[in-house]
Amino acid sequence: MPNWLDKLMGIPVEENPVDKAILEKLPDGENKHVDEVYKARWVWYHTILAIEIAFTNVLLLLILFVLAVK
């Protein structure tokens, strides 16, 4: 694996800046931080995925339109 990927995958939850921001938003005294971080990552991943799919659909419709006009 590339060096940057090793660094990204090997960062513990407590040291990752994105995960730190998520943990700071948690109520005090909760010990379920791993579940909360997982949920937040899941939401962001699927949001980005949905945007990519929508963009792909727009491109496909444009290609269909161009072919129909010709």
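With a relative accessibility of 43%, Arg 41 comes out as partly exposed in this predicted model. The cut-offs explain the label: buried means under 20% and exposed means over 50%, so a residue in between is called partly exposed. Arg 41 sits in helix H3. Looking across the fold from there, Arg 41 and Val 18 are 23 residues apart along the sequence, while their C-alpha atoms lie 9.4 Å from each other in space.

Stepping back to the whole chain, the protein has three helices and zero strands. Read from the N terminus, the order of elements is simply α-α-α. Helix H3, which also holds Leu 62, covers residues 33-69.

Burial and surface come next. Of the 70 residues in the protein, 11% are buried. The exposed area of the protein adds up to about 6400 Å², and 69% of that is supplied by carbon and sulfur atoms.

Part of the nonpolar surface can be pinned to particular side chains. Phe 55, Val 58, Leu 59 and Leu 62 together make a nonpolar surface patch of about 380 Å². Leu 62 has a relative accessible area of 47%, so this leucine, too, falls in the partly exposed class. That value also fits its place in the patch, because patch residues need over 30% relative accessible area. Leu 62 is thus a patch member that belongs to helix H3, the helix in which Arg 41 is found as well.

Technical notes. Residues numbered from 1 in each chain as written. Predicted model: local features only at pLDDT ≥ 70, side-chain atom pairs only at ≥ 80, totals over all residues. Heavy atoms only, no water. Helix = DSSP H or I, 4+ residues; strand = E, 2+ residues; numbered from the N terminus. Buried < 20%, exposed > 50% of the residue type's maximum accessible area, 1.4 Å probe, protein only. Areas by Shrake-Rupley, 256 points an atom, 1.4 Å probe, with all protein chains shown as cover. Patch = residues over 30% accessible without salt bridge, like charges linked within 9 Å, V, L, I, M, F, W, Y side chains within 5 Å. Salt bridge = Lys/Arg side-chain N within 4 Å of Asp/Glu carboxyl O.
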